[in-house]
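Open your viewer, load the model, and keep the selection box handy. We will go from one stop to the next, with something to select at each.

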Amino acid sequence: MKISYSDLSTSIKNNSGLVTALNVLDKAITYITILFYLGLLIYAAISIPKIGATLLYRSIVIPGVSFVLVSLFRKVASAPRPYEVYNFTPALHKDTKGKSFPSRHVFSIFMVAITFFQVSIPAGVFLLVLGVGLAVIRVVGGVHFIKDVVAGALMAILIGVICFWFFCGVFGLIMLPF
């Protein structure tokens, strides 16, 4: 049985509790990620007297530069969103035109997760799990295609691993319990 985005969206929108749950989870995961990232930056700033500023610098520069580059790429690519292609109202609140590929929400949470691996493997894994959940929500909610969220996750993992490997190889890896 083949199910279309519009069929999926219609079946979700017919269940107001599910629509509410998707929207709340979408926002909650986004805000949890922001709080984790701010916590990491505060931890890195407080740790400067003990370990230097390298942790703080790489935790800002690598995610920041990569976020800007992904944003520019998706603006140029300007891929349409499922609700534009199939002409339906998505379950998640969204009315943006284009800029679907790659998913910046998914890219961001995966990049924060990779950033966390510098100091806490459990926190990094937790954020990766949240990232998978967010990817599912963004697809089921009708605002991204599967290729958008997969590309966002893979780009973050690839950029993060390469950049942090290089940065840590040049400046030394610091793994602290967090």
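The tour below starts with the whole chain and then moves to single helices, loops and residues.

**Stop 1: the whole chain**

Start in cartoon view, and keep in mind that this is a predicted model. The protein chain has eight helices and zero strands, so its pattern along the sequence reads α-α-α-α-α-α-α-α. Its C-alpha trace spans about 55 × 35 × 25 Å along the principal axes. Of the 178 residues, 43% count as buried.

**Stop 2: helix H2**

Select residues 16–46, which make up helix H2. How far apart are the end C-alpha atoms of H2? They are 44 Å apart, which agrees with the 45 Å that 31 residues should span at 1.5 Å a residue.

Now show the side chains of the buried residues of H2, among them Val-19, Leu-22, Asn-23, Asp-26, Ile-29 and Thr-33. Further along H2, the buried residues include Tyr-37, Leu-40, Leu-41, Tyr-43 and Ala-44. When you look down the axis, it helps to recall that an α-helix has 3.6 residues a turn, so residues three or four places apart point the same way.

**Stop 3: Gly-141 and its partners in H2**

Select Gly-141, in the loop between H7 and H8. Is Gly-141 buried or exposed? Gly-141 counts as buried, because its relative accessibility is 0% and the cut-off for buried is under 20%.

Add Leu-22 to the selection: the C-alpha atoms of Gly-141 and Leu-22 are separated by 7.0 Å, although the two residues are 119 residues apart along the chain. Then add Leu-18, also found in helix H2. Leu-18 and Gly-141 are 10.0 Å apart, C-alpha to C-alpha, and 123 residues apart in sequence. Leu-18 counts as partly exposed, at 35% relative accessibility.

**Stop 4: aromatic rings**

Colour the Phe, Tyr and Trp rings next. The count comes to four aromatic pairs. In one of them, Tyr-86 and Phe-145 meet edge-to-face, with 6.3 Å from centre to centre and 75° between the planes. This pair links distant parts of the chain, 59 residues apart: Tyr-86 sits in the loop between helix H5 (82–85) and helix H6 (104–116), and Phe-145 in the loop between helix H7 (121–140) and helix H8 (146–171). Tyr-86 is partly exposed, with a relative accessible area of 44%, whereas Phe-145 counts as buried at 13%.

Then select Phe-36, Phe-116 and Phe-126, which form one aromatic cluster.

**Stop 5: the largest pocket**

Switch on a surface and select Thr-33, Ile-34, Ser-108, Ile-109 and Val-112. The largest pocket holds about 260 Å³ of space, and of the 15 residues that line it, these five are the closest to its centre. H2, helix H4 (54–77) and H6 each supply at least two residues of the lining. Which helix gives the largest share of the lining? That is H6, with six residues. Colour the lining by class and you will find ten nonpolar, five polar and no charged residues.

**Stop 6: the loop between H5 and H6**

Zoom in on the backbone here. Most residues other than glycine have a negative phi, and most peptide bonds are trans. Select Phe-101 and Pro-102: the peptide bond from Phe-101 to Pro-102 is cis, with omega near -10°. Pro-102 lies in the loop between H5 and H6.

Asn-87 is in the loop between H5 and H6 as well, and has a positive phi of about 50° although it is not a glycine. Asn-87 is exposed, with a relative accessible area of 71%. Lys-99, found in that loop too, has a positive phi of about 55° and counts as partly exposed at 33% relative accessibility.

**Stop 7: the UniProt ranges**

Finish by colouring the annotated ranges. The unreviewed UniProt entry places "domain: Phosphatidic acid phosphatase type 2/haloperoxidase" at residues 54–164. In the model, this span is 72% helix and 0% strand, with its end C-alpha atoms 11 Å apart.

The same kind of record gives "transmembrane region" for residues 28–48, 55–73, 109–137 and 149–176. Select residues 28–48: the chain there is 95% helix, and the end C-alpha atoms are 30 Å apart. Over residues 109–137 the chain is 86% helix, and the end C-alpha atoms are 13 Å apart.

Technical notes
Residues are numbered from 1 along each chain as its sequence is written. This is a predicted model: local features need pLDDT of at least 70, side-chain atom pairs count only at pLDDT 80 or more; totals for chains, interfaces and linings use all residues. Side-chain values use heavy atoms; hydrogens and water are left out. Helices (H or I, at least four residues) and strands (E, at least two) are DSSP runs, numbered from the N terminus. The expected span of a helix is 1.5 Å times one less than its number of residues. Buried means under 20% relative accessible area, exposed over 50%, partly exposed in between (1.4 Å probe, protein chains only). Rings of Phe, Tyr and Trp (its six-membered ring) pair if their centres lie within 6.5 Å; planes under 30 degrees apart count as stacked, over 60 as edge-to-face and the rest as tilted. On a 1 Å grid over the protein atoms alone, a cavity is a set of points where a 1.4 Å probe fits but cannot get out, and a pocket is an open set with protein on both sides within 12 Å along at least five of seven lines; lining residues have an atom within 4 Å of a point. Grid points are joined across faces, edges and corners, and a volume is the space filled by probe spheres set on the points. Ala, Val, Leu, Ile, Met, Phe, Trp, Tyr, Cys and Pro count as nonpolar, Asp, Glu, Lys and Arg as charged, and the others, Gly among them, as polar. UniProt positions are given in the numbering used here, feature names are shortened, and annotations may be inferred rather than shown by experiment.
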